[in-house]
Amino acid sequence: MKYNKTTFYFTTLLISLLIIAGVYYYFAAKINSESVPNKYGTCKTPEEAYKQTQLALNLLSVNINSGIKNAQHINEYEKTKNKVFKIK
């Protein structure tokens, strides 16, 4: 059976791409398995988890309250704009 140059080059390219993909996935899996776990979800005691939860909820509360204050400023702006332009 005789192959032409185009078939030979295409087959060589395909094999080399498969080898490169295999090496990439091998090292990617190796790096992921050796990675150090992050600090999230690693509380050792329930008290520590409770304290971390309180800190997270406090941060959320501060940001929500800031957003509510900004929304109140927007409402005041809307009222003033409506008075100036006599809308409603």
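Is F27 buried or partly exposed? In this predicted model, F27 has a relative accessibility of 44%, so the residue counts as partly exposed. That turns out to be a handy way into the rest of the chain, where 0% of the 88 residues count as buried. The accessible surface of the protein chain adds up to about 8,900 Å², and carbon and sulfur atoms account for 65% of that area. As for secondary structure, the chain comes to two helices and zero strands.

We can start with helix α1, which covers residues 5-34 and is home to Y26. Three aromatic pairs turn up when the whole structure is searched. One of them joins Y26 and F27 in an edge-to-face arrangement, with the ring centres 5.1 Å apart and the planes at 75° to each other. Y26 and F27 also belong to a nonpolar patch on the surface, together with I15, I19 and V23. The accessible area of these patch residues comes to about 510 Å² together.

Helix α2, spanning residues 46-84, is 39 residues long. From the first C-alpha of α2 to the last, the helix reaches 57 Å, close to the 57 Å expected at 1.5 Å a residue. Just past the end of α2 sits K86, with a positive phi of about 50°.

What about charged contacts? The structure holds two salt bridges. In one, the side chains of K79 and E76 meet at 4.0 Å, N to O; in the other, K81 and E78 come together at 3.4 Å, again N to O. The spacing along the helix helps to make sense of both. K79 and E76 are three residues apart in α2, so about one helical turn separates them. K81 and E78 are likewise three residues apart in α2, which again means a separation of about one helical turn. An α-helix has 3.6 residues a turn, so residues three or four places apart point the same way.

The accessibility of the salt-bridge residues fits into this picture too. E76 is partly exposed, with a relative accessible area of 47%. In the other bridge, K81 has a relative accessible area of 27% and is partly exposed, while E78, at 32% relative accessibility, also counts as partly exposed. The cut-off for buried is under 20% relative accessible area, so neither K81 at 27% nor E78 at 32% counts as buried.

Technical notes
Residues are numbered from 1 along each chain as its sequence is written. This is a predicted model: local features need pLDDT of at least 70, side-chain atom pairs count only at pLDDT 80 or more; totals for chains, interfaces and linings use all residues. Side-chain values use heavy atoms; hydrogens and water are left out. Helices (H or I, at least four residues) and strands (E, at least two) are DSSP runs, numbered from the N terminus. Buried means under 20% relative accessible area, exposed over 50%, partly exposed in between (1.4 Å probe, protein chains only). The expected span of a helix is 1.5 Å times one less than its number of residues. Rings of Phe, Tyr and Trp (its six-membered ring) pair if their centres lie within 6.5 Å; planes under 30 degrees apart count as stacked, over 60 as edge-to-face and the rest as tilted. Accessible areas come from the Shrake-Rupley method with a 1.4 Å probe; for residues, only the protein chains shown count as cover. Patches are made of residues with over 30% relative accessible area and no salt bridge: like charges are joined within 9 Å, nonpolar side chains (Val, Leu, Ile, Met, Phe, Trp, Tyr) within 5 Å.
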